[in-house]
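Here are some worked exercises to go through with the model open beside you. Try each task before you read its solution.

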Amino acid sequence: MKKTIAAVLAIIFALGMVGCAANGNGQGTAETAGNPLDVLNKVWDSYTDDEKFPAAGGDMSEANMKDDAPGNVALDDADTVAYLTSFPADMVDKLDAAASLMHMMNANTFTCGAFRLKDAADAAAVCAAIHDGLNSKQWMCGFPDKMVIAKVSGCIVSVYGAEDLVNTFRDKLTAAYENAEIVYDEAIAF
């Protein structure tokens, strides 16, 4: 009798776990979404020394600024987030974490941002806003060739700059994350 009860309880427990796992409804939450800095680090760490370029990441704070690596971007100043990553300033309140990596010589050569949304249901609108913002931006100090915007591990990743650098990043991202979904991969309109 004890074995039967134990077996029934084990089956109920297992079914309960399967039910909980299946109840995600595709929306995602901050608890289940990836960390933007981890996403960028995983991609950057997959570069060979010959593929890497002079880069820095994060914001201007001592805690977040990184040489030769991605860094976190604080969300307390929307204009700074927009300046560092070209993320729309009016949508920064939709984020709960961000990270960046950019070329040290010229941000238009390579700029990458990774963003975790508070509500994954906002992903399509945010991707479209990043896309439209990059296409309508008034560029100074050179013109980036192309952009890639992707959804991966519960984050949105945007990258723009020189075509070869953007393509390398895109290829490294999709190799590092099988679930990466490229939303936009196109030349930037001028």
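Two strands count as paired if DSSP finds at least two bridges between them. Keep in mind throughout that this is a predicted model.

**Exercise 1. Confidence**

Task: Find out how far the predictor trusts this chain, and where its confidence is low.

Solution. Start with the average: the chain has a mean pLDDT of 85, and 83% of the residues score at least 70. Next, look at residues 1-32, where the pLDDT is below 50. Beyond near neighbours in sequence, that stretch has 6 contacts in the model.

**Exercise 2. Alanine 150 and its partners**

Task: Work out which residues in strands E7 and E8 stand across from alanine 150.

Solution. Begin with strand E6, residues 146-152. Strand E6 pairs with E7 (residues 155-161) in the antiparallel sense, over 7 bridges. In E7, the residue opposite alanine 150 is valine 157. Now turn to E8 (residues 181-187), which pairs with E6 over 6 bridges, again antiparallel. There, isoleucine 182 is the bridge partner of alanine 150.

Two further steps complete the picture of E6. Of its 7 residues, 6 are buried, so the strand is mostly covered by the cut-off of under 20% relative accessible area. The hairpin of E6 and E7 has 2 residues between the strands, and serine 153 in this hairpin takes a positive phi near 50°.

**Exercise 3. Strand E5 and its neighbours**

Task: Describe how the side chains of E5 are arranged, and trace which strands pair with E5.

Solution. First, the burial: E5 covers residues 110-117, and 8 of its 8 residues are buried. Second, the two faces. Phe110, Cys112, Ala114 and Arg116 point one way, while Thr111, Gly113, Phe115 and Leu117 point the other way. Residues of both sets are buried.

Third, the pairing. E4 and E5 run antiparallel and are joined by 7 bridges, with serine 100 opposite glycine 113. A hairpin of 6 residues links E4 to E5. E5 also pairs with E7, antiparallel and over 7 bridges; here phenylalanine 115 stands opposite isoleucine 156.

**Exercise 4. Two buried residues**

Task: Decide whether cysteine 112 and leucine 95 are buried or exposed, and list what each one touches away from its sequence neighbours.

Solution. Cysteine 112 is found in strand E5. Its relative accessibility is 0%, so cysteine 112 counts as buried. Leaving aside neighbours within four places in sequence, cysteine 112 contacts Leu40, Ala99, Ser100, Leu101, Val157, Ser158, Val159 and Phe169. Tyrosine 160 lies 48 residues away along the chain, yet the C-alpha atoms of tyrosine 160 and cysteine 112 are separated by 6.6 Å.

Leucine 95 belongs to strand E4. With a relative accessibility of 3%, leucine 95 is buried too. With neighbours within four places set aside, its contacts are Leu75, Phe87, Phe115, Arg116, Leu117 and Lys118. For arginine 116, the C-alpha to C-alpha distance to leucine 95 is 5.8 Å, across 21 residues of sequence.

**Exercise 5. Positive phi in loops**

Task: Compare the location and exposure of aspartate 68 and serine 86.

Solution. Take aspartate 68 first: its phi is near 60°, a positive value in a residue other than glycine. Aspartate 68 sits in the loop between strands E2 (66-67) and E3 (71-72). Its relative accessible area is 48%, so aspartate 68 is partly exposed. Serine 86 has a positive phi near 65° and lies in the loop between H3 and E4. At 11% relative accessible area, serine 86 is buried.

**Exercise 6. The largest pocket**

Task: Find which residues lie closest to the centre of the largest pocket, and which elements help to line it.

Solution. Start with the volume of the largest pocket, about 490 Å³. Of the 24 lining residues, Tyr83, Met102, Asn106, Ala107 and Thr111 are the closest to the centre. Next, assign elements: strand E1 (55-57), helix H3 (78-85) and strand E4 (95-103) each supply at least two lining residues. E4 gives the most, with 3. Finally, sort the lining by class: 13 residues are nonpolar, 8 polar and 3 charged.

Notes:
Residues are numbered from 1 along each chain as its sequence is written. This is a predicted model: local features need pLDDT of at least 70, side-chain atom pairs count only at pLDDT 80 or more; totals for chains, interfaces and linings use all residues. Side-chain values use heavy atoms; hydrogens and water are left out. On a 1 Å grid over the protein atoms alone, a cavity is a set of points where a 1.4 Å probe fits but cannot get out, and a pocket is an open set with protein on both sides within 12 Å along at least five of seven lines; lining residues have an atom within 4 Å of a point. Grid points are joined across faces, edges and corners, and a volume is the space filled by probe spheres set on the points. Helices (H or I, at least four residues) and strands (E, at least two) are DSSP runs, numbered from the N terminus. Ala, Val, Leu, Ile, Met, Phe, Trp, Tyr, Cys and Pro count as nonpolar, Asp, Glu, Lys and Arg as charged, and the others, Gly among them, as polar. pLDDT is the predictor's confidence in each residue, from 0 to 100. Contact means heavy atoms within 4.5 Å. Buried means under 20% relative accessible area, exposed over 50%, partly exposed in between (1.4 Å probe, protein chains only).
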